[in-house]
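Me: Please take a close look at the site where the ligand sits in this model, and then follow the protein outward from there. I would like one connected account rather than a list.

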Amino acid sequence: MPFITATHDHVLTPKDLRNVAPEENPGFAAVPQVLAWDGGDFLWMARALADMGYREVNLNLGCPSGTVTAKGKGAALLGDPEALERLLEEIYAGAPCDISIKTRVGLRDPEEFPRLLELFARFPVSLLIVHPRVREDFYRRPVRREAFALAAERYPGALCYNGGLVSVAGVRSFQAEYPRVEQVMIGQGLLADPALVSRCKGGPAAKRETLRAYHDELYHTYLEVFRNERGTVYHMKEMWSYLGRLFEGADKPLKQIRKAAARGPYEAAVERIFQLPLREEPLWT
Ligand SMILES: Cc1cc2nc3c(=O)[nH]c(=O)nc-3n(C[C@H](O)[C@H](O)[C@H](O)COP(=O)(O)O)c2cc1C
(Lines give C-alpha, C1' and ligand atoms only; values in the text may rest on other atoms or scores of the structure.)
Protein backbone atom coordinates (compact mmCIF):
# COMPACT_ATOMS: atom_id res chain seq x y z
CA MET A 1 0.00 0.00 0.00
CA PRO A 2 1.25 3.51 -0.67
CA PHE A 3 1.96 5.43 2.53
CA ILE A 4 -0.64 7.91 3.77
CA THR A 5 0.15 11.21 5.43
CA ALA A 6 -1.24 12.22 8.80
CA THR A 7 -1.99 15.95 8.78
CA HIS A 8 -3.51 18.36 11.30
CA ASP A 9 -6.81 18.18 9.38
CA HIS A 10 -7.52 14.71 10.77
CA VAL A 11 -9.25 13.49 7.62
CA LEU A 12 -8.80 10.49 5.38
CA THR A 13 -9.03 11.83 1.84
CA PRO A 14 -10.90 9.80 -0.80
CA LYS A 15 -7.48 8.84 -2.19
CA ASP A 16 -6.27 7.70 1.27
CA LEU A 17 -9.45 5.66 1.67
CA ARG A 18 -8.93 3.98 -1.70
CA ASN A 19 -5.35 3.18 -0.79
CA VAL A 20 -6.12 1.59 2.57
CA ALA A 21 -9.57 0.08 1.97
CA PRO A 22 -9.42 -3.33 3.72
CA GLU A 23 -11.69 -4.88 1.07
CA GLU A 24 -8.93 -4.21 -1.52
CA ASN A 25 -6.52 -6.42 0.44
CA PRO A 26 -8.41 -9.59 1.24
CA GLY A 27 -6.68 -12.74 2.41
CA PHE A 28 -3.44 -11.36 3.79
CA ALA A 29 -2.24 -9.16 6.62
CA ALA A 30 -1.67 -5.81 4.93
CA VAL A 31 -0.05 -3.12 7.08
CA PRO A 32 -0.87 0.52 6.32
CA GLN A 33 2.03 2.94 6.59
CA VAL A 34 1.79 6.48 7.94
CA LEU A 35 4.03 9.51 7.53
CA ALA A 36 3.81 11.94 10.44
CA TRP A 37 5.88 14.20 12.64
CA ASP A 38 3.15 15.04 15.16
CA GLY A 39 2.13 12.34 17.64
CA GLY A 40 -1.49 13.50 17.87
CA ASP A 41 -1.89 13.39 14.09
CA PHE A 42 -0.33 9.92 13.92
CA LEU A 43 -2.62 8.63 16.68
CA TRP A 44 -5.71 10.02 14.98
CA MET A 45 -4.78 8.16 11.80
CA ALA A 46 -3.80 4.97 13.66
CA ARG A 47 -7.19 4.97 15.44
CA ALA A 48 -9.03 5.42 12.13
CA LEU A 49 -7.04 2.48 10.68
CA ALA A 50 -7.57 0.33 13.78
CA ASP A 51 -11.31 1.03 13.51
CA MET A 52 -11.18 -0.36 9.95
CA GLY A 53 -9.79 -3.59 11.43
CA TYR A 54 -6.04 -3.14 10.95
CA ARG A 55 -4.01 -4.60 13.79
CA GLU A 56 -0.72 -2.96 12.94
CA VAL A 57 0.27 0.43 11.58
CA ASN A 58 3.78 1.24 10.38
CA LEU A 59 5.56 4.53 11.04
CA ASN A 60 7.65 5.64 8.07
CA LEU A 61 11.08 6.93 9.13
CA GLY A 62 12.69 6.14 5.81
CA CYS A 63 11.19 8.19 3.00
CA PRO A 64 14.05 10.28 1.52
CA SER A 65 11.92 12.44 -0.80
CA GLY A 66 12.58 16.18 -0.49
CA THR A 67 8.88 17.04 -0.38
CA VAL A 68 8.46 14.70 2.62
CA THR A 69 11.64 15.61 4.53
CA ALA A 70 11.06 19.36 4.04
CA LYS A 71 7.97 18.93 6.24
CA GLY A 72 9.99 17.13 8.93
CA LYS A 73 8.54 13.73 8.07
CA GLY A 74 10.01 10.39 6.92
CA ALA A 75 13.80 10.19 7.14
CA ALA A 76 14.03 13.83 8.34
CA LEU A 77 13.07 12.67 11.84
CA LEU A 78 16.25 10.60 12.04
CA GLY A 79 18.24 13.83 12.06
CA ASP A 80 16.28 15.22 15.04
CA PRO A 81 16.45 12.59 17.82
CA GLU A 82 14.69 14.86 20.35
CA ALA A 83 11.66 15.34 18.06
CA LEU A 84 11.71 11.62 17.29
CA GLU A 85 11.76 10.76 20.99
CA ARG A 86 8.76 13.02 21.65
CA LEU A 87 6.89 11.44 18.75
CA LEU A 88 7.63 7.89 19.94
CA GLU A 89 6.68 8.69 23.55
CA GLU A 90 3.34 10.06 22.44
CA ILE A 91 2.42 7.36 19.93
CA TYR A 92 3.39 4.39 22.10
CA ALA A 93 1.56 5.90 25.11
CA GLY A 94 -1.69 6.09 23.12
CA ALA A 95 -1.26 3.23 20.61
CA PRO A 96 -4.62 1.74 19.55
CA CYS A 97 -2.87 -1.18 17.80
CA ASP A 98 0.65 -2.53 17.21
CA ILE A 99 3.05 0.05 15.84
CA SER A 100 6.00 -1.10 13.75
CA ILE A 101 8.72 1.18 12.35
CA LYS A 102 10.53 1.28 9.02
CA THR A 103 13.81 3.15 9.36
CA ARG A 104 17.02 4.03 7.59
CA VAL A 105 20.33 3.98 9.50
CA GLY A 106 20.62 7.75 9.70
CA LEU A 107 20.00 11.03 7.94
CA ARG A 108 23.56 11.69 6.78
CA ASP A 109 25.86 9.18 8.40
CA PRO A 110 25.49 5.63 9.72
CA GLU A 111 27.32 6.89 12.84
CA GLU A 112 23.86 8.14 13.85
CA PHE A 113 22.50 4.59 14.01
CA PRO A 114 23.67 3.44 17.51
CA ARG A 115 21.78 6.31 19.17
CA LEU A 116 18.68 5.62 17.08
CA LEU A 117 18.77 1.92 17.98
CA GLU A 118 18.97 2.77 21.69
CA LEU A 119 15.96 5.01 21.28
CA PHE A 120 13.88 2.38 19.42
CA ALA A 121 14.77 -0.24 22.05
CA ARG A 122 13.01 1.84 24.74
CA PHE A 123 9.59 1.43 23.10
CA PRO A 124 7.36 -1.60 22.37
CA VAL A 125 8.07 -1.46 18.62
CA SER A 126 6.20 -4.49 17.20
CA LEU A 127 8.73 -4.84 14.35
CA LEU A 128 11.75 -2.75 13.42
CA ILE A 129 12.39 -2.84 9.67
CA VAL A 130 15.87 -1.57 8.85
CA HIS A 131 16.79 -0.35 5.39
CA PRO A 132 20.55 0.20 5.79
CA ARG A 133 20.99 3.32 3.75
CA VAL A 134 21.11 6.91 5.03
CA ARG A 135 18.71 9.48 3.63
CA GLU A 136 21.46 11.02 1.53
CA ASP A 137 21.94 7.65 -0.22
CA PHE A 138 18.34 7.83 -1.53
CA TYR A 139 17.92 4.52 -3.43
CA ARG A 140 20.99 5.04 -5.59
CA ARG A 141 24.04 4.35 -3.46
CA PRO A 142 24.83 0.78 -2.43
CA VAL A 143 23.09 -0.71 0.60
CA ARG A 144 25.28 -0.49 3.74
CA ARG A 145 24.98 -4.08 4.90
CA GLU A 146 27.65 -3.56 7.58
CA ALA A 147 25.47 -0.92 9.24
CA PHE A 148 22.75 -3.53 9.70
CA ALA A 149 25.15 -5.75 11.69
CA LEU A 150 24.81 -3.39 14.64
CA ALA A 151 21.03 -3.87 14.75
CA ALA A 152 21.42 -7.66 14.54
CA GLU A 153 23.93 -7.52 17.40
CA ARG A 154 22.30 -5.02 19.74
CA TYR A 155 18.62 -4.59 19.04
CA PRO A 156 16.58 -6.78 21.42
CA GLY A 157 13.19 -6.71 19.64
CA ALA A 158 11.72 -8.21 16.46
CA LEU A 159 13.86 -7.20 13.52
CA CYS A 160 13.41 -7.25 9.75
CA TYR A 161 16.04 -6.52 7.10
CA ASN A 162 15.25 -4.68 3.87
CA GLY A 163 17.39 -3.72 0.89
CA GLY A 164 18.91 -5.21 -2.22
CA LEU A 165 17.65 -8.79 -1.84
CA VAL A 166 16.94 -9.66 -5.48
CA SER A 167 17.82 -13.36 -5.83
CA VAL A 168 17.37 -16.69 -4.05
CA ALA A 169 21.14 -16.84 -3.51
CA GLY A 170 21.10 -13.31 -2.05
CA VAL A 171 18.34 -14.21 0.42
CA ARG A 172 20.09 -17.47 1.40
CA SER A 173 23.40 -15.74 1.99
CA PHE A 174 21.63 -13.13 4.11
CA GLN A 175 20.05 -15.91 6.18
CA ALA A 176 23.42 -17.61 6.63
CA GLU A 177 24.99 -14.33 7.77
CA TYR A 178 22.14 -13.33 10.09
CA PRO A 179 20.40 -16.49 11.32
CA ARG A 180 18.74 -14.60 14.20
CA VAL A 181 16.89 -12.27 11.84
CA GLU A 182 13.64 -14.02 10.99
CA GLN A 183 12.12 -11.57 8.55
CA VAL A 184 13.19 -9.86 5.38
CA MET A 185 11.29 -7.35 3.28
CA ILE A 186 11.72 -7.57 -0.49
CA GLY A 187 10.71 -4.75 -2.80
CA GLN A 188 12.22 -4.35 -6.24
CA GLY A 189 13.38 -8.00 -6.38
CA LEU A 190 9.76 -9.11 -6.17
CA LEU A 191 8.68 -6.75 -8.93
CA ALA A 192 11.37 -8.23 -11.19
CA ASP A 193 10.44 -11.79 -10.28
CA PRO A 194 7.00 -12.18 -8.70
CA ALA A 195 7.92 -15.79 -7.79
CA LEU A 196 11.01 -14.77 -5.79
CA VAL A 197 9.45 -15.37 -2.38
CA SER A 198 7.96 -18.74 -3.31
CA ARG A 199 11.27 -19.73 -4.94
CA CYS A 200 13.08 -18.83 -1.70
CA LYS A 201 10.76 -21.30 0.02
CA GLY A 202 11.67 -24.03 -2.48
CA GLY A 203 8.82 -23.43 -4.95
CA PRO A 204 9.07 -23.37 -8.75
CA ALA A 205 9.89 -20.41 -10.98
CA ALA A 206 6.96 -18.40 -12.37
CA LYS A 207 5.50 -19.81 -15.58
CA ARG A 208 4.92 -17.59 -18.57
CA GLU A 209 1.11 -18.03 -18.25
CA THR A 210 1.24 -16.99 -14.58
CA LEU A 211 3.23 -13.86 -15.43
CA ARG A 212 0.86 -13.10 -18.25
CA ALA A 213 -2.17 -13.46 -15.95
CA TYR A 214 -0.46 -11.21 -13.38
CA HIS A 215 0.27 -8.60 -16.04
CA ASP A 216 -3.23 -8.72 -17.48
CA GLU A 217 -4.94 -8.41 -14.11
CA LEU A 218 -2.79 -5.44 -13.14
CA TYR A 219 -3.20 -3.74 -16.52
CA HIS A 220 -6.97 -4.17 -16.74
CA THR A 221 -7.47 -3.13 -13.13
CA TYR A 222 -5.46 0.05 -13.75
CA LEU A 223 -7.51 0.76 -16.89
CA GLU A 224 -10.71 0.32 -14.91
CA VAL A 225 -9.63 2.30 -11.85
CA PHE A 226 -7.75 5.15 -13.54
CA ARG A 227 -10.10 5.39 -16.56
CA ASN A 228 -7.09 6.82 -18.31
CA GLU A 229 -5.10 5.05 -21.02
CA ARG A 230 -2.06 7.27 -20.78
CA GLY A 231 -1.91 7.07 -16.99
CA THR A 232 -2.25 3.28 -17.12
CA VAL A 233 0.54 2.93 -19.70
CA TYR A 234 2.70 5.22 -17.57
CA HIS A 235 2.24 2.96 -14.52
CA MET A 236 2.90 -0.17 -16.57
CA LYS A 237 6.21 1.29 -17.80
CA GLU A 238 7.39 1.45 -14.20
CA MET A 239 6.37 -2.18 -13.71
CA TRP A 240 8.20 -3.28 -16.88
CA SER A 241 11.38 -1.52 -15.75
CA TYR A 242 11.51 -4.43 -13.25
CA LEU A 243 9.65 -7.36 -14.88
CA GLY A 244 11.48 -6.80 -18.19
CA ARG A 245 14.66 -8.10 -16.50
CA LEU A 246 13.21 -11.61 -16.46
CA PHE A 247 12.92 -11.87 -20.26
CA GLU A 248 15.84 -12.71 -22.51
CA GLY A 249 16.56 -10.34 -25.41
CA ALA A 250 13.79 -7.91 -24.44
CA ASP A 251 15.66 -4.67 -25.23
CA LYS A 252 13.65 -3.83 -28.35
CA PRO A 253 10.10 -4.39 -27.06
CA LEU A 254 11.07 -2.72 -23.76
CA LYS A 255 12.16 0.32 -25.72
CA GLN A 256 8.78 0.25 -27.50
CA ILE A 257 7.07 0.14 -24.11
CA ARG A 258 9.10 3.12 -22.89
CA LYS A 259 8.04 5.06 -26.00
CA ALA A 260 4.35 4.02 -25.91
CA ALA A 261 1.73 6.55 -24.88
CA ALA A 262 -1.43 4.64 -25.81
CA ARG A 263 -2.91 1.15 -25.55
CA GLY A 264 -2.21 0.03 -29.15
CA PRO A 265 1.59 0.29 -29.23
CA TYR A 266 1.81 -0.77 -25.59
CA GLU A 267 -0.19 -3.96 -26.08
CA ALA A 268 1.73 -4.85 -29.27
CA ALA A 269 5.04 -4.59 -27.41
CA VAL A 270 3.68 -6.70 -24.53
CA GLU A 271 2.69 -9.44 -27.01
CA ARG A 272 6.26 -9.44 -28.28
CA ILE A 273 7.79 -9.67 -24.82
CA PHE A 274 5.66 -12.63 -23.83
CA GLN A 275 7.02 -14.58 -26.84
CA LEU A 276 10.56 -14.32 -25.44
CA PRO A 277 12.34 -16.96 -23.36
CA LEU A 278 12.38 -16.45 -19.59
CA ARG A 279 15.63 -16.21 -17.67
CA GLU A 280 16.17 -18.25 -14.52
CA GLU A 281 16.84 -15.05 -12.56
CA PRO A 282 16.20 -11.43 -13.54
CA LEU A 283 19.24 -9.65 -14.94
CA TRP A 284 20.43 -6.76 -12.76
CA THR A 285 22.96 -4.57 -14.50
C1 LIG B 1 9.27 3.78 -6.22
C2 LIG B 1 9.51 3.40 -4.79
C3 LIG B 1 8.51 3.69 -3.85
C4 LIG B 1 8.69 3.36 -2.50
N5 LIG B 1 7.71 3.64 -1.60
C6 LIG B 1 7.89 3.30 -0.28
C7 LIG B 1 6.88 3.53 0.70
O8 LIG B 1 5.80 4.05 0.44
N9 LIG B 1 7.14 3.16 1.98
C10 LIG B 1 8.33 2.56 2.34
O11 LIG B 1 8.52 2.24 3.52
N12 LIG B 1 9.28 2.32 1.44
C13 LIG B 1 9.09 2.67 0.15
N14 LIG B 1 10.08 2.41 -0.76
C15 LIG B 1 11.32 1.77 -0.31
C16 LIG B 1 11.22 0.26 -0.33
O17 LIG B 1 10.28 -0.18 0.64
C18 LIG B 1 12.55 -0.38 0.00
O19 LIG B 1 12.99 0.12 1.25
C20 LIG B 1 13.62 -0.09 -1.06
O21 LIG B 1 13.12 -0.26 -2.37
C22 LIG B 1 14.81 -1.03 -0.85
O23 LIG B 1 14.39 -2.39 -0.83
P24 LIG B 1 14.51 -3.33 -2.14
O25 LIG B 1 15.97 -3.27 -2.55
O26 LIG B 1 14.08 -4.70 -1.69
O27 LIG B 1 13.61 -2.74 -3.17
C28 LIG B 1 9.91 2.74 -2.10
C29 LIG B 1 10.89 2.44 -3.06
C30 LIG B 1 10.72 2.78 -4.39
C31 LIG B 1 11.83 2.47 -5.37
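Reply: A polar contact here is a pair of N or O atoms within 3.5 Å, and the model to which this is applied is a predicted one. By that cut-off, a backbone N or O atom of Gly164 makes such a contact, lying 2.7 Å from an oxygen atom of the ligand. From the side chain of Gln188, a polar atom comes to 2.8 Å from an oxygen atom of the ligand, while an N or O atom in the side chain of Tyr139 is 3.2 Å from a nitrogen atom of the ligand. On its own the ligand has 620 Å² of accessible area, of which the protein covers 71%.

The shell to which these three residues belong also includes Phe3, Gln33, Asn60, Lys102, His131, Asn162, Gly163, Ile186 and Gly187. Sorted by character, the residues of this shell comprise three nonpolar, eight polar and one charged.

Two members of the shell lead on into the protein. His131, which is among the residues around the ligand, is touched by Thr103, a residue that also touches Leu61, Leu78, Phe120, Leu128, Ile129 and Val130 when residues up to four places away in sequence are not counted. Thr103 itself is placed in strand 4, residues 98-104, and it counts as buried because its relative accessibility is 1%. Asn162, likewise around the ligand, belongs to strand 6 (159-162), which is included in what covers the buried residues of helix 6, together with helix 5 (113-121), strand 5 (128-131) and helix 7 (168-177).

Within helix 6, which spans residues 145-154, the buried residues are Ala147, Phe148, Leu150, Ala151 and Ala152. Phe148 deserves separate mention, since, with Leu88, it touches the most other members of the largest nonpolar core, a set of 56 residues. Beyond four places in sequence, the residues that Phe148 touches are Val130, Pro132, Leu159, Cys160, Tyr161, Phe174, Tyr178 and Val181. Another core, of 22 residues, lies apart from the largest one, and Trp240, Leu246, Leu254 and Ile273 are among its members. In soluble globular proteins, nonpolar side chains tend to be buried together.

For a view of another part of the chain, consider Lys237, which lies in helix 11 (residues 229-243). Lys237 counts as partly exposed because its relative accessibility is 24%, and, leaving aside neighbours within four places in sequence, it is in contact with Ile257, Arg258, Lys259 and Ala260. From C-alpha to C-alpha, Lys237 and Ala176 are 35 Å apart in space, with their positions 61 residues apart in sequence.

Key:
Residues are numbered from 1 along each chain as its sequence is written. This is a predicted model: local features need pLDDT of at least 70, side-chain atom pairs count only at pLDDT 80 or more; totals for chains, interfaces and linings use all residues. Side-chain values use heavy atoms; hydrogens and water are left out. A residue is near a molecule or strand if one of its heavy atoms lies within 4 Å of it. A polar contact is a pair of N or O atoms within 3.5 Å; within protein, one must be able to donate a hydrogen and the other to accept it, and residues adjacent in sequence count only if both atoms are side-chain atoms. Accessible areas come from the Shrake-Rupley method with a 1.4 Å probe; for residues, only the protein chains shown count as cover. Ala, Val, Leu, Ile, Met, Phe, Trp, Tyr, Cys and Pro count as nonpolar, Asp, Glu, Lys and Arg as charged, and the others, Gly among them, as polar. A nonpolar core is a set of buried Ala, Val, Leu, Ile, Met, Phe, Trp, Tyr and Cys residues joined through side-chain atoms within 4.5 Å. Buried means under 20% relative accessible area, exposed over 50%, partly exposed in between (1.4 Å probe, protein chains only). Contact means heavy atoms within 4.5 Å. Helices (H or I, at least four residues) and strands (E, at least two) are DSSP runs, numbered from the N terminus.
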